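Student: Please take me through the assignments for this model, setting each value against the definition it rests on.

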Amino acid sequence: MIGVLVFPDFQLLDATGPISTFEIAGRLAAKPAAIRVLAIAPGPVKSSSGVELMARGIRSAGALSTLIVAGGEGVHAASQCPKTLGFVRAMAKRGVRVASVCSGAYVLAEAGLLDGRRATTHWRRTRHFVATYPKVKLEHDRIFVRDGNIWSSAGITAGIDLALAMVTEDFGEDIARETARQ
């Protein structure tokens with residue numbers, strides 16, 4: 001099961017790009033992907049555009065194999081939320097593949113998951129990110145970075161590239177290529 005963690009003022013495409021990527025790949029592979037939108041507080045969560053996604057609470061995340069953390073304007077509040085950080089840490093400790101899209105890297109960094117690891121984030125946030133998290137080996141010129149079971153992507157649409165790389169791992173290159181064509 002794939003979980004996409006959102007919070008108030010998340011960037012809509014950070015969540016829906018990977019969701020659509022896994023949905024298409026699952027359909028093409030004849031193995032529909034189980035995808036859940038998750039939030040600390042279940043219910044509608046408003047994106048920075050005003051569009052809301054309906055989210056389940058984090059207690060419904062028991063069978064996750066992948067957790068993708070969205071970025072967006074609300075990421076700083078999310079990265080200071082003890083429940084959010086505890087949830088992300090617990091998923092990583094369980095061996096779940098954890099990823100961030102764009103500024104969602106702040107949540108992973110604040111949770112300590114990026115210490116000593118290679119990662120990336122949106123280019124506009126590079127200086128601030130490096131100054132705030134000096135233990136992270138930030139690769140500012142990469143679309144996405146994988147370091148063990150921790151993944152991160154650069155800007156908003158780079159989350160789709162990251163999801164396609166995960167699809168390659170999960171379903172193979174042929175399904176990933178067909179998904180990208182869609």
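Student: What makes strand β2 (residues 35–39) and strand β4 (residues 52–57) a pair, and in which sense, parallel or antiparallel?

Tutor: This is a predicted model, in which local features need pLDDT of at least 70 and side-chain atom pairs count only at pLDDT 80 or more, while totals for chains, interfaces and linings use all residues. Residues are numbered from 1 along each chain as its sequence is written, and side-chain values use heavy atoms, with hydrogens and water left out. Helices (H or I, at least four residues) and strands (E, at least two) are DSSP runs numbered from the N terminus. Two strands pair if DSSP finds at least two bridges between them. Strands β2 and β4 have two bridges, in the parallel sense, so the criterion is met. In β4, Arg 56 is the bridge partner of Leu 38.

Student: What packs on the sheet, and at what angle to β5?

Tutor: Helix α3 (residues 82–93) does, touching β1 (2–5), β2, β5 (66–69), β6 (97–100) and β10, with a direction at about 145° to that of β5. Helix α6 also packs on the sheet. It touches β5, β6, β9 and β10, and its direction makes about 145° with that of β10. Contact here means heavy atoms within 4.5 Å. Axes are lines fitted to C-alpha atoms, for helices over the stretch in contact, and angles run from 0 to 180 degrees between N-to-C directions.

Student: How many strands form the open sheet, and in what order?

Tutor: Eight strands form it in the order β3-β4-β2-β1-β5-β6-β10-β9, with mixed pairing. The edge strands are β3 (43–46) and β9, as each pairs on one side only. From one strand to the next, the twist averages 35°.

Student: What makes β9 and β10 a hairpin?

Tutor: Strands β9 (residues 144–147) and β10 (residues 150–153) are antiparallel partners over four bridges. Two residues lie between these strands, and Gly 148 in the turn has a positive phi of about 70°. Across the pair, Arg 146 stands opposite Trp 151 in β10.

Student: Which side chains of β9 point to the buried face?

Tutor: Val 145 and Asp 147 point to one face and are buried, whereas Phe 144 and Arg 146 point to the other and are not. Buried means under 20% relative accessible area, exposed over 50%, and partly exposed in between (1.4 Å probe, protein chains only). In a regular strand the side chains alternate between the two faces of the sheet.

Student: Why is the pair of Tyr 106 and Tyr 133 called edge-to-face?

Tutor: The structure holds four aromatic pairs. For Tyr 106 and Tyr 133 the ring centres are 5.9 Å apart and the planes stand at 75°, so the pair is edge-to-face. Tyr 106 lies in helix α4 (residues 105–110) and Tyr 133 in the loop between α5 (126–132) and β8 (137–138), so the pair ties together parts 27 residues apart in sequence. Both tyrosines, Tyr 106 and Tyr 133, are buried. By contrast, Phe 144 and Trp 151 form a stacked pair, at 6.2 Å centre to centre with 20° between the planes. The rule is that rings of Phe, Tyr and Trp (its six-membered ring) pair if their centres lie within 6.5 Å, with planes under 30 degrees apart counting as stacked, over 60 as edge-to-face and the rest as tilted.

Student: How do you know whether Phe 144 and Trp 151 are buried or partly exposed?

Tutor: Phe 144 has 25% relative accessibility and therefore counts as partly exposed. Trp 151, at 3%, counts as buried.

Student: Why is Ala 99 called buried or exposed?

Tutor: Its relative accessible area is 0%, so Ala 99 is buried. Ala 99 lies in strand β6. Leaving aside neighbours within four places in sequence, Ala 99 is in contact with residues including Leu 67, Trp 151 and Met 166.

Student: What makes Ile 156 buried or partly exposed?

Tutor: Ile 156 has a relative accessible area of 30%, so it is partly exposed. Ile 156 lies in the loop between β10 and α6.

Student: How are α6 and α7 packed: at what angle, and how far apart are their axes?

Tutor: Helix α6 (residues 158–171) and helix α7 (residues 173–181) pack at about 145°, with their axes 7 Å apart.
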